[in-house]
Amino acid sequence: MTSSGTLTLVSTKDDDLSALPVVPARHPWRWVGVAFVLVLAAQFVHGLVTNPAWDWPTFARYFTAQSILTAVGTTIVLTVFGTVLGFALGIVVAVLRMSKSPFLSAVGWTYIWAFRSIPLIVQLLFWFNISYLYQRLSLGIPFGPEFVSFETIALISPMGAAVLGLALHQAAYAAEIVRSGVISVDRGQLEAAAALGIPRFRQFRRIVLPQAMRSILPNAANEVISLFKGTSVVSVMAIGELFYQVQVIYGRNARVVALLMVATVWYIILTTLLSIGQHYVERYFARGDRR
């Protein structure tokens, strides 16, 4: 209190918070966990290098063998065709599923239910043995004369049966991925676009799809990677993809571990490339959000 009667605040050293030292939070157990993981990783790498059972000379011999490279190409072809055809059909099924028509919506739902319920290996074996059930397929008037007919055994090859089975199976999952992305877009934007007189197809192409892609891409990329590894199932059809070719080789020389490592490393390489591509595609569709 001063002589004039005004009250003054006395600043003390304890009240000056800016003078207090800033001490970073310490996480001793975090460093313990890091050290534990590093020790485990070092032991694993040491075992890979020093354990002769891994048979690295055999791995090096077959990793770039012509038969393995051809099998990798077959695996990539199966993945590409299964993905392109599966997502193309999946978009159609998703549109049916979201249709206002109860009949079309029921058709889409039934397709998804059926192909997600039946295991992939069963579907592949069914298409592989389709000629046993139907020797001929024909086009014509239902219950009437036939105009064109085909021998099923000549129409669907083992490779065609594999692509067909993978694509139909993939379409069921792709339809739900696309549908989830579309319904995540704010409905008010479509109502505003309709009020402006924008045609429905342009609404979907310029408004809905770019926004839905941000939700679709992560799940779609996971499905592509799963399909890439899932192509190993077609080995039951004696198609020379990567896993089948590895089985053939270690069936001759009994070098099981080394050949399995060949397949494992190729799967890791190609999956990593797919993940890198996923990163850049997602960044492209997220550019508007970053702005």
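This note goes through the helix packing, the nonpolar cores and several individual residues of a predicted model.

1. The largest nonpolar core has 36 residues, and within this set Tyr-111, Leu-166, Val-234 and Met-237 touch the most other members. Two or more residues are given to this core by each of helix H3 (66–97), helix H4 (102–117), helix H5 (120–128), H8 and helix H10 (200–230). The greatest share comes from H8, which gives twelve residues.

2. Val-234, one of the core members that touch the most others, deserves a separate look. When its neighbours within four places in sequence are left aside, Val-234 is in contact with Leu-78, Leu-124, Ala-162, Leu-166, Ile-239 and Glu-241. Apart from the largest core there lies another core, of 17 residues, and among them are Phe-63, Ile-249, Met-261 and Val-262.

3. The pairing of H3 with helix H12 (residues 256–285) has an angle of about 45° and an axis separation of 12 Å. That angle makes H3 oblique to H12, because it falls neither under 35 degrees nor in the range from 65 to 115. The crossing in which H3 passes H12 is right-handed. On the H3 side the contact is made by Ile-68, Leu-69, Val-72 and Ile-76, and on the H12 side by Val-262, Trp-266 and Leu-270. By class, the residues of this contact are seven nonpolar, with no polar and no charged ones. Val-262, which takes part here, is also listed among the residues of the 17-residue core.

4. H10 and H12 pack with their axes 10 Å apart and at an angle of about 175°, and the two helices are therefore roughly antiparallel to each other. H10 brings Pro-210, Met-213, Arg-214, Leu-217, Pro-218, Ala-221, Val-224, Ile-225, Phe-228 and Lys-229 to the contact, while H12 brings Tyr-267, Leu-270, Thr-271, Leu-274, Ser-275, Gln-278, Val-281, Glu-282 and Phe-285. This contact of H10 with H12 has 13 nonpolar, three polar and three charged residues. Leu-270 of H12 appears here and also in the contact with H3.

5. The axes of helix H11 (residues 242–253) and H12 come within 9 Å and cross at roughly 165°. H11 and H12 are therefore roughly antiparallel to each other, the cut-off for that description being an angle over 145 degrees. H11 passes H12 in a right-handed crossing. The residues that meet are Leu-242, Phe-243, Val-246, Ile-249, Tyr-250 and Asn-253 in H11, and Val-256, Leu-259, Leu-260, Ala-263, Trp-266 and Tyr-267 in H12. In this contact of H11 with H12 there are eleven nonpolar residues, one polar residue and no charged residue. Trp-266 is named in this contact as well as in that of H3 with H12, and Tyr-267 in this contact as well as in that of H10 with H12.

6. Two residues with polar side chains may be read together. His-169 is found in helix H8 and counts as buried because its relative accessible area, 13%, is under 20%. Gln-123, found in helix H5, is likewise buried, with a relative accessible area of 3%. Leaving aside neighbours within four places in sequence, His-169 is in contact with Phe-115, Ile-118, Leu-120 and Gln-123, and Gln-123 is in contact with Phe-115, Ile-118, Gly-165 and His-169. Phe-115 and Ile-118 are therefore contacts of both His-169 and Gln-123, on the same reading of contact as heavy atoms within 4.5 Å.

7. Val-185 has its place in the loop between helix H8 (158–183) and helix H9 (187–195), and this loop residue is buried, with a relative accessible area of 12%. Not counting residues up to four places away in sequence, Val-185 touches Val-208, Gln-211 and Ala-212. Val-84 is 101 residues from Val-185 in sequence, and the two are 24 Å apart in space, C-alpha to C-alpha.

8. Two backbone values merit attention, given that most residues other than glycine have a negative phi. Asp-55, in the loop between helix H1 (28–50) and helix H2 (56–63), has a positive phi, near 55°, and is buried at a relative accessible area of 14%. Ala-254, in the loop between H11 and H12, also has a positive phi, near 65°. Unlike Asp-55, which is buried, Ala-254 counts as exposed, because its relative accessibility of 61% is over 50%.

How values were computed:
Residues numbered from 1 in each chain as written. Predicted model: local features only at pLDDT ≥ 70, side-chain atom pairs only at ≥ 80, totals over all residues. Heavy atoms only, no water. Helix = DSSP H or I, 4+ residues; strand = E, 2+ residues; numbered from the N terminus. Buried < 20%, exposed > 50% of the residue type's maximum accessible area, 1.4 Å probe, protein only. Core = buried A, V, L, I, M, F, W, Y, C linked by side-chain atoms within 4.5 Å. Axes fitted to C-alpha atoms, helices over the stretch in contact; angles between N-to-C directions. Left-handed = near helix turned anticlockwise from the far one by under 90°. Nonpolar A, V, L, I, M, F, W, Y, C, P; charged D, E, K, R; others polar.
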